[in-house]
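Visitor: Could you give me a close look at a single part of this one, and then work outward from there? I'd like to hear who packs against whom.

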Amino acid sequence: MENLKKAYIAGGCFWGMEDLFRVRPGVIDTEVGYIGGENDNPTYQNHPGHAEGMEITYDANTTSFKELLDYFFRMHDPTTVDRQGNDKGSSYRSAIFIQNEEEEEAAKEVIQLVDDSKKWPGKVVTTLEPISKFWVAEDYHQDYLVKKPNGYTCHFERFNTSFL
């Protein structure tokens with residue numbers, strides 16, 4: 001029987017993150033959207049303070065929150081403030097949206113492992129932010145790189161080994 005949970009992360013352009021996460025073992029569903037910002041009903045044209053984020057529905061019997069974070073830290077650069085690839089601004093920040101103490105402790109532990117590995121040239125600047133309402137992005141953003149396989153992304157697997 002499935003043990004479904006949700007995780008909320010942001011690591012730059014949501015298209016590339018979704019394309020990589022949607023095929024991970026244990027990931028049941030992904031949706032891209034806006035989280036952590038100032039306005040209700042944000043849109044791509046109007047999302048002040050919101051990060052381009054993702055809601056991941058996963059089966060906790062198959063994968064864990066820590067394993068999702070491990071992959072998160074391998075597929076985007078968590079050492080750049082408000083930037084991924086050519087994308088700049090707070091919308092492209094690296095963030096984990098924390099739902100409870102267990103997630104906060106897991107996130108801190110994984111961040112420490114990433115920093116200790118010295119695989120990245122700098123320290124992790126990923127913010128741990130309290131969960132806020134996740135606003136689903138417009139339909140044309142969902143599964144964007146499935147619809148447009150040659151579309152823009154700055155996400156790719158940087159390391160083939162786990163931090164865990």
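Guide: What follows starts at helix α1 and moves outward to the parts around it and a few spots elsewhere.

Before we go in: this is a predicted model, in which local features need pLDDT of at least 70 and side-chain atom pairs count only at pLDDT 80 or more, while totals for chains, interfaces and linings use all residues. Residues are numbered from 1 along each chain as its sequence is written, and side-chain values use heavy atoms, with hydrogens and water left out.

Helix α1 spans residues 14-21; helices here are DSSP runs of H or I with at least four residues, strands are runs of E with at least two, and both are numbered from the N terminus. It's mostly covered, with 7 of its 8 residues buried. Buried means under 20% relative accessible area, exposed means over 50%, and partly exposed is in between, using a 1.4 Å probe and protein chains only. The buried set in α1 runs F14, W15, G16, M17, E18, L20 and F21. And what covers them? The list includes β1, β2, β3, α2 and α4.

Now the rings, of which there's plenty to see: the structure holds 7 aromatic pairs. F14 and Y34 make one of them, a tilted pair at 5.8 Å centre to centre with 55° between the planes. To count as a pair, rings of Phe, Tyr and Trp (its six-membered ring) need centres within 6.5 Å; planes under 30 degrees apart are stacked, over 60 edge-to-face, and the rest tilted. F14 belongs to helix α1 and Y34 to strand β2 (residues 27-35), so this pair ties together parts that are 20 residues apart in sequence. F14 and Y34 are both buried.

Go to F21 in the same helix and look at its partner, Y71. Their ring centres are 5.3 Å apart and the planes stand at 90°, so this pair is edge-to-face. Y71 sits in helix α2 (residues 65-75) while F21 is in α1, so here the tie is between parts 50 residues apart in sequence. F21 and Y71 are buried as well. Y71 has another visitor: the charged end of R24 sits over its ring, 3.8 Å from the centre. That label asks for NZ of Lys or CZ of Arg within 6 Å of the ring centre and within 35 degrees of the ring normal.

Since Y71 has taken us to α2, stay there a moment. This helix is mostly covered too, with 9 of its 11 residues buried. Among them are F65, L68, L69, F72, F73 and M75, along with the charged residues' positions D70 and R74. The buried residues of α2 pack against β1, α1, β2, β3 (51-59), β6 (94-98) and α3.

Strand β3 is on the α1 list as well, and G53 is found in that strand. G53 is buried, at a relative accessible area of 0%. Its C-alpha lies 9.1 Å from that of E18, although G53 and E18 are 35 residues apart in sequence. Contact means heavy atoms within 4.5 Å, and leaving aside neighbours within four places in sequence, G53 touches I9, A10, F14, E31, V32, G33, I35 and F134. So F14 turns up again, this time as a contact of G53 as well as the ring partner of Y34.

Strand β1 also helps cover α1, and L4 is in that strand. L4 is partly exposed at 46% relative accessibility. Not counting residues up to four places away, L4 touches I28, T57, Y58 and D59. Its C-alpha is separated by 9.4 Å from that of V27, 23 residues along the chain.

Elsewhere, W120, F159 and F163 form one aromatic cluster. The charged end of K119 sits over the ring of F163, 5.0 Å from its centre.

Two backbone spots to finish. Most residues other than glycine have a negative phi. N41, in the loop between β2 and β3, has a positive phi of about 55° without being a glycine, and N41 is exposed at 56%. D143, in the loop between β8 (134-136) and α4 (144-147), is another non-glycine with a positive phi, near 50°, and D143 is partly exposed at 34%.
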